[in-house]
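Please find below a colleague's note on the model shown here, set out as numbered points. It takes up the contact between the chains, their symmetry, and one local strand pairing.

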There are 2 protein chains.
Amino acid sequence: MEKEAFNLEILEKLIHEKNVIALRELFESIALIDIADVANHIDDPSELLFIFKTVKSEYTAEFFSYLAPEVQEKLVRLFTDKDLMTLIASSYTDDIADFLIDMPSNLVERVLNVTDKQTREVVNLLLNYKVNTAGSIMTTEYVTLNSVMTVEEALNAIRKIGREAETVYTNFVIDDQRNLVGTVALDDLIFSEPNQRLTEIMATDFTAVEVTTDQEEVARDFKRYNLNAMPVLNEDHRLVGIVTVDDVIDVIEQQVSEDMAKMAAVSPLEDSYIKSSVWTLAKKCIPWLIILLVLGIGASIVLNVFENSLAVLPILAAFIPILMDGGGNAGNQTTVLVTRSLALNEITPKDFLKVIWKEMRISLIVSAFVGLFAFGWVLFEFGSGILEYDALAGLSVWSWFAQASIVAALVAFTLAGAIILSKTIGAVLPLAAKAVGLDPAVVASPLLTTIVDVCALLLYFFLSASVFNLL
Amino acid sequence: MEKEAFNLEILEKLIHEKNVIALRELFESIALIDIADVANHIDDPSELLFIFKTVKSEYTAEFFSYLAPEVQEKLVRLFTDKDLMTLIASSYTDDIADFLIDMPSNLVERVLNVTDKQTREVVNLLLNYKVNTAGSIMTTEYVTLNSVMTVEEALNAIRKIGREAETVYTNFVIDDQRNLVGTVALDDLIFSEPNQRLTEIMATDFTAVEVTTDQEEVARDFKRYNLNAMPVLNEDHRLVGIVTVDDVIDVIEQQVSEDMAKMAAVSPLEDSYIKSSVWTLAKKCIPWLIILLVLGIGASIVLNVFENSLAVLPILAAFIPILMDGGGNAGNQTTVLVTRSLALNEITPKDFLKVIWKEMRISLIVSAFVGLFAFGWVLFEFGSGILEYDALAGLSVWSWFAQASIVAALVAFTLAGAIILSKTIGAVLPLAAKAVGLDPAVVASPLLTTIVDVCALLLYFFLSASVFNLL
């Protein structure tokens with residue numbers, strides 16, 4: 001069947017008609033994730049039971065792993081112990097652990113009860129690794145080969161045990177003490193002579209991580225070395241699991257979502273936006289808004305102190321928003337670029353001077369262009385009457401223009417100053433945060449706005465006070 | 001050699017001593033990208049020539065692809081035509097195309113001159129595909145198998161032609177008209193009987209893209225279907241190339257960097273931050289700052305119109321920053337979460353009502369908490385004397401407190417209103433942008449701040465005018 005022609009109606013029809021042959025054909029011809037997407041929308045999950053009774057378990061186990069947690073939960077409640085046992089036996093241990101993490105404890109117990117002892121130990125182990133470590137994303141189904149094997153023996157071993165493994169593209173060569181001594185790719189086995197020894201063809205420059213290694217570091221090494229699978233070692237440097245490339249793509253996506261959330265002043269979500277509850281999302285948003293509100297005290301104090309300037313020259317207030325926003329935006333541009341560059345390991349805190357020097361030059365160019373434009377723009381706002389500017393009393397028409405130009409210049413200079421300052425601070429903050437071991441994404445954005453607001457307003461009022469005292 | 005023990009000094013020493021054996025051993029034991037990283041820091045690239053003359057070209061071709069463009073350029077100028085020919089012959093066509101894109105045209109010509117006709121045609125083709133399409137990231141080195149082959153014949157074919165291919169883990173089964181009829185994974189070949197036909201074991205539910213398909217769509221399918229390699233078809237639905245998973249990780253990273261830059265009001269960079277020149281970066285920053293400056297006219301007009309309120313009650317000015325920042329931050333939280341969710345395909349514009357309804361409830365909760373806190377916080381600022389509040393003339397002490405409470409309530413209500421408004425708008429904007437085919441990341445952030453600023457200020461002054469008229 002073509003993917004485009006498949007929909008919920010067809011799935012329900014096949015189930016209602018108990019059309020075993022067409023259902024089996026469906027699971028062979030359409031990607032399981034696409035079927036699961038449709039099946040998630042079925043009203044009564046008990047209808048899905050028919051699928052698990054008729055379609056081969058090698059398909060249903062993977063299909064089950066793509067179902068939504070609430071559908072999975074309902075199904076497990078409906079499964080007999082025998083159904084459950086079949087499902088578990090055909091699933092990868094990391095998929096079982098992933099699915100159990102979201103389940104209520106009585107269901108977890110029931111699932112573990114029907115799981116054979118060996119698998120249960122592995123699943124328990126996986127469930128106990130700290131979130132976001134290599135241990136928590138690794139799988140334990142991989143192929144180990146002994147270093148004394150020949151290529152032919154290795155291929156035979158892979159044919160025998162490889163079907164259970166999550167990948168056979170990278171295989172792991174161990175010595176008698178289970179020490180990892182090399183990796184051998186399936187294509188290298190294919191390209192070699194049957195009687196060659198593994199020690200001759202295996203790669204010894206493999207990259208390995210420990211179970212406690214942060215998953216982001218794992219992802220970095222994967223990208224850097226273009227890996228298919230990476231060995232995970234325990235404290236004794238024995239091989240205990242592997243991480244495969246599909247897990248790593250998930251890690252990259254998750255890490256990016258977290259970074260974006262942090263930069264937007266949201267605490268990282270444990271789940272996707274759409275799966276998180278209203279309460280959870282509110283809880284992630286509130287703390288930062290309150291912190292930023294408290295930090296806003298600086299700008300409030302400045303405006304409070306310079307109340308008189310505003311009373312004498314109320315037009316000054318009209319430009320507070322563009323000065324604050326302009327400074328904040330300019331700084332944010334730099335912060336986001338630098339934070340992202342740090343995340344991609346393109347720069348490190350050692351590049352401090354290089355980056356600052358770069359941003360100082362950038363900010364000079366940017367502030368010159370934007371400042372010049374602001375001067376013209378403010379004059380236009382006055383000249384066109386969009387903004388009303390009543391000159392100080394007793395002046396001629398020429399003086400009105402002169403005063404308006406002075407206000408425009410004041411705005412332009414302050415904006416230019418705020419841009420230079422905020423871009424420099426915007427580069428310093430993430431680098432400094434990273435250097436002292438803090439998260440650049442968390443520290444940089446809130447502090448930046450706060451500092452830039454205060455500085456821009458101070459500059460604005462000091463400049464205006466000194467200029468208008470002279471008038 | 002251990003990776004940790006290797007550094008620039010050692011590399012230079014080996015080259016100066018012309019230690020051929022140690023150099024060859026180095027290229028076999030250390031990842032080529034790590035050697036290239038060190039080699040990029042060598043002062044005189046001509047020293048690297050010795051490497052290309054002594055180390056096997058199967059290593060040097062990949063090593064070359066990891067070198068920085070400026071080092072590559074210098075080396076190509078130093079290479080004899082024979083050196084170049086060896087290098088090109090051992091390189092993948094997509095790597096050659098990637099490297100030529102950054103080179104001056106006279107060098108491109110020289111490289112193409114020493115390239116054999118067949119490779120040259122392919123490279124030219126790759127160079128001509130539009131940036132960011134499947135065509136521009138695909139490679140043409142892959143294994144095609146004929147559908148009439150048996151497993152044994154297929155494995156023999158792979159042994160014969162597979163070394164030149166970028167991957168043999170996914171192989172492509174074509175009929176006599178070069179129509180793609182299926183894919184067959186290397187492990188499926190290993191697990192099957194030698195005399196089985198490919199048509200029995202090949203997968204027919206493969207996902208393919210066209211040369212003009214956007215690379216982000218390619219990346220989405222890769223993630224969704226956990227692929228190793230994906231076939232690329234031309235307009236006649238004939239197989240012309242494949243995309244491999246390592247290219248896709250690059251696409252994901254690039255896409256994320258672009259999205260982050262757009263959300264921070266920077267036009268997307270063609271290159272990494274560190275490789276982009278000061279001028280380029282300035283040019284990417286200036287337009288958005290000017291657009292935002294122009295859009296800031298709304299807030300300026302509001303403040304200009306309500307000048308008198310500020311003159312009568314100057315304390316109002318002190319809270320402009322927290323109202324603007326608070327509204328902007330709250331809206332930005334929503335915009336970033338929704339934009340990211342759209343990018344990950346977790347939601348589509350069809351979920352419009354669902355998302356709006358969700359954000360309205362979230363914003364009610366958030367605004368209640370933050371508003372309540374703001375009320376207490378402003379009272380504290382007044383009570384502690386951090387902010388000075390001079391009550392309107394002729395009132396008792398109790399009335400001072402009453403008036404301060406009214407100001408605090410005013411700030412709290414405005415902030416709460418701004419949060420509700422900005423979170424709702426923050427959800428509407430990216431969804432609406434996506435629905436009409438615009439880029440959510442570009443549209444949402446700048447418009448959001450502008451609209452929220454104006455709304456928050458209007459609400460603030462209308463509320464304060466009506467409240468203080470009553471006093």
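**Notes on the two chains**

1. Because 100% of the interface residues of chain A are also interface residues in chain B, the copies meet through the same surface; contact here means that the C-beta atoms of two residues, placed from the backbone, lie within 7 Å. This is a predicted model, in which local features need pLDDT of at least 70 and side-chain atom pairs count only at pLDDT 80 or more, while totals for chains, interfaces and linings use all residues. Residues are numbered from 1 along each chain as its sequence is written, and chains are lettered from A in the order in which they are written.

2. The contact involves 93 residues of chain A and 93 residues of chain B. On the side of chain A that touches chain B, helix α21 (residues 320–343) of chain A gives the most, with 14 residues; helices are DSSP runs of H or I with at least four residues, strands are runs of E with at least two, and both are numbered from the N terminus.

3. A turn of 180° with a shift of 0.1 Å along the axis lays chain A on chain B with an RMSD of 0.1 Å, which is the relation of a two-fold axis. The superposition is by least squares on the C-alpha atoms of residues with pLDDT of at least 70 in both copies. Ala311(A) is the residue of chain A that comes closest to the rotation axis, at 2.7 Å (C-alpha).

4. Within chain A, strands β2 (residues 170–174) and β3 (residues 180–185) run antiparallel and are joined by five bridges, where pairing requires that DSSP finds at least two bridges between two strands. Asn171(A) has Val184(A) as its bridge partner in β3(A). The two strands, β2(A) and β3(A), form a hairpin with five residues between them, and Arg178(A) in the turn has a positive phi of about 65°.
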